[in-house]
Amino acid sequence: MDTQQKIQDYSRDLARYLAPLDPADAAEVIREIESHVLDVLEQQERLGKTVGLEAILAGFGPPRELASRYVAHVLAGTPPPTGFRAIQTVKRGVTRGLYWSMAGFGYGLALFCLGLALVKLLGQDSVGMWSTAGGNSVVIAFTGAPHPDMPELLGRMFAPIGFLLAATIGLLTHRVLQVLNRAMKT
């Protein structure tokens, strides 16, 4: 029997014992367990270790016992089954990392566009967008002097486009961060 089949068999047995739960809650528990098993298997393979699926599944215990702990947790508010907190911590860590990476990248890019637009307003010729190589490539640059042999593509429109781009990127970043923040709280 292959690895996928063994995981499916364990999940099927687990699903049967999770019947007292709402179907959505039961599906979430099964996804959580399957994800954890696959993550551990992948980690073992990366480290060059022998994949011990039976040992991983045994660590969760028999499907009936694991299901009874989850049912008690969801229905009666008892402490979550062993391993549940670890899984949630990993999920939160990934979400926090994604949140801060997105904030740095998105707001950084917005500030960069805003800076270029402001400099274009203050020093008309030092920032711009030029066409090079016969129109085959475009250069956006902050230089000491304009490129005399290359035509500037946007001229005075560079500043308003930069402001609009900065605002759009900033708003999009803000909205994505709101979604990620909600995900971290669940």
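**Exercise 1.** State how many residues the largest nonpolar core has, and which helices supply it.

*Solution.* Step 1: in this predicted model, the largest nonpolar core has 19 residues. Such a core is a set of buried Ala, Val, Leu, Ile, Met, Phe, Trp, Tyr and Cys residues joined through side-chain atoms within 4.5 Å; buried means under 20% relative accessible area (1.4 Å probe, protein chains only). Step 2: Leu14, Leu18, Val29, Ile33, Val37, Phe60 and Leu66 have the most contacts inside the core. Step 3: at least two core residues come from each of H1 (3–17), H2, H3 and H4 (63–76), helices being DSSP runs (H or I, at least four residues) numbered from the N terminus. H2 gives the most, 6 residues.

Residues are numbered from 1 along each chain as its sequence is written. Local features need pLDDT of at least 70, side-chain atom pairs count only at pLDDT 80 or more, totals for chains, interfaces and linings use all residues, and side-chain values use heavy atoms, without hydrogens and water.

**Exercise 2.** List the contacts of leucine 18, leaving aside neighbours within four places in sequence.

*Solution.* With contact meaning heavy atoms within 4.5 Å, leucine 18 touches Ala26, Val29, Ile30, Ala67, Tyr70 and Val71.

**Exercise 3.** Describe how H2 meets H3.

*Solution.* Step 1: the axes (lines fitted to C-alpha atoms over the stretch in contact, angles from 0 to 180 degrees between N-to-C directions) of H2 (residues 23–46) and H3 (residues 53–60) come within 10 Å and cross at roughly 140 degrees. Step 2: H2 contributes Ile33, His36, Val37, Val40, Leu41 and Gln44 to the contact, and H3 contributes Leu53, Ile56, Leu57 and Phe60.

Key:
Buried means under 20% relative accessible area, exposed over 50%, partly exposed in between (1.4 Å probe, protein chains only).
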